[in-house]
Amino acid sequence: PCAWYKYEIEVYTGGRNPWRTIEKKASVEPFLLKDETGECIVLPLGVEASGTEIICWRGDSKYPDGPPDPSSESSLLTDITLNYRYTETRLELKTSLYAAGIFYTWRANDPRIQTNVMVANYVEKYAPSEINVLVKSNLSGDQPFILSTYPRDRLIYRFKVDSFFLFIGFLVFTAVLVGVSYPILKQMLPKQIRSNTDTNSKVHYIRPKI
């Protein structure tokens, strides 16, 4: 049992990129987020999750029975002979959660409620006059839809670090691109221009006659 999950199944094919994804899925079922201010139904379609529990293991069939027992012994040789790899990510129940997205308050008779069976069942069961929902819809390009077990300050720090390394990577890529392109462009220039650029210009100072 969990509030949200995603999984990926890969098969070993060898070669330069030995692992090929054959199936992956993320849950879109809503779940209830509660704090001291009230309740909110999260519709996790298109969410970016971080700080969740991630389990990765290997097996010999497409659909495993479940992750191995942590107490069981596993050898490297055994893992090498297993051709399937599974990665499971879960957001556990009853855990602290930071959520950021678009917040709406819908009346109980809002037609959008009927488009989701689980939300409609929730309204039918508890009969609230209105419900709060958190969704991704209508977000602009720079507004992420986030669920994270990390606190807000840690997320901001992580985004700053990621942005810094992306900037450094851009500078390195630009420098390499210029270094590779310059000899090619130099060879493409007309011979006369190349000879002029290769010649070291000397400055001569002439003392005026008195």
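Leaving aside neighbours within four places in sequence, with which residues is serine 27 in contact? In this predicted model, serine 27 is in contact with Trp4, Tyr5 and Pro44 once those sequence neighbours are set aside. The residue lies in the loop that links β2 (19-26) to β3. Its relative accessibility is 4%, and serine 27 therefore counts as buried, the limit being under 20%.

The protein chain as a whole contains four helices and 11 strands. Of its 210 residues, 21% count as buried. The accessible surface of the chain comes to about 16,200 Å², and carbon and sulfur atoms account for 57% of that area. When contacts between residues at least 6 apart in sequence are considered, 67% of them join residues at least 24 apart.

Strand β3, which follows the loop of serine 27, comprises residues 31-35 and runs antiparallel to strand β4 (residues 38-42). The two strands are joined by five bridges, and a hairpin of two residues leads from β3 to β4. Within this pairing, leucine 32 has isoleucine 41 of β4 as its bridge partner. Strand β4 also pairs with strand β10 (residues 130-135), here in the parallel sense and over two bridges. Valine 42 is matched in that case with leucine 134 of β10. Strand β4 thus takes part in an antiparallel pairing with β3 and a parallel pairing with β10. In general, the strands of a sheet pair through backbone hydrogen bonds, in either a parallel or an antiparallel arrangement.

A further group of strands forms an open, three-stranded sheet in the order β5-β11-β8, with mixed pairing. Its edges are formed by β5 (48-50) and β8 (98-100), each of which pairs on one side only. Neighbouring strands of this sheet are turned against each other by 10 degrees on average, with direction ignored. Between β5 and β11 (residues 146-148) the pairing is parallel and extends over three bridges. One bridge partnership within it links glutamate 48 with isoleucine 146 of β11.

Two loop residues have a positive phi although neither is a glycine. For lysine 94, the angle is about 55 degrees. This residue lies in the loop between β7 (84-91) and β8, the latter being an edge strand of the open sheet. Lysine 94 has a relative accessibility of 90% and so counts as exposed, a class that begins over 50%. For alanine 127, phi is about 50 degrees. Alanine 127 is placed in the loop between α2 (117-126) and β10, the strand that pairs with β4. With a relative accessibility of 61%, alanine 127 likewise counts as exposed.

The surface also carries a nonpolar patch formed by Ile168, Leu171 and Val172. Together, these three residues contribute about 230 Å² of accessible area. Valine 172 belongs to helix α3, which spans residues 152-188. The relative accessible area of valine 172 is 47%. Because that value falls between the limits of 20% and 50%, the residue is classed as partly exposed. Membership of the patch requires over 30% relative accessible area, and valine 172, at 47%, therefore meets that requirement.

Technical notes
Residues numbered from 1 in each chain as written. Predicted model: local features only at pLDDT ≥ 70, side-chain atom pairs only at ≥ 80, totals over all residues. Heavy atoms only, no water. Pairing = 2+ DSSP bridges. Axes fitted to C-alpha atoms, helices over the stretch in contact; angles between N-to-C directions. Patch = residues over 30% accessible without salt bridge, like charges linked within 9 Å, V, L, I, M, F, W, Y side chains within 5 Å. Areas by Shrake-Rupley, 256 points an atom, 1.4 Å probe, with all protein chains shown as cover. Salt bridge = Lys/Arg side-chain N within 4 Å of Asp/Glu carboxyl O. Buried < 20%, exposed > 50% of the residue type's maximum accessible area, 1.4 Å probe, protein only. Contact = heavy atoms within 4.5 Å.
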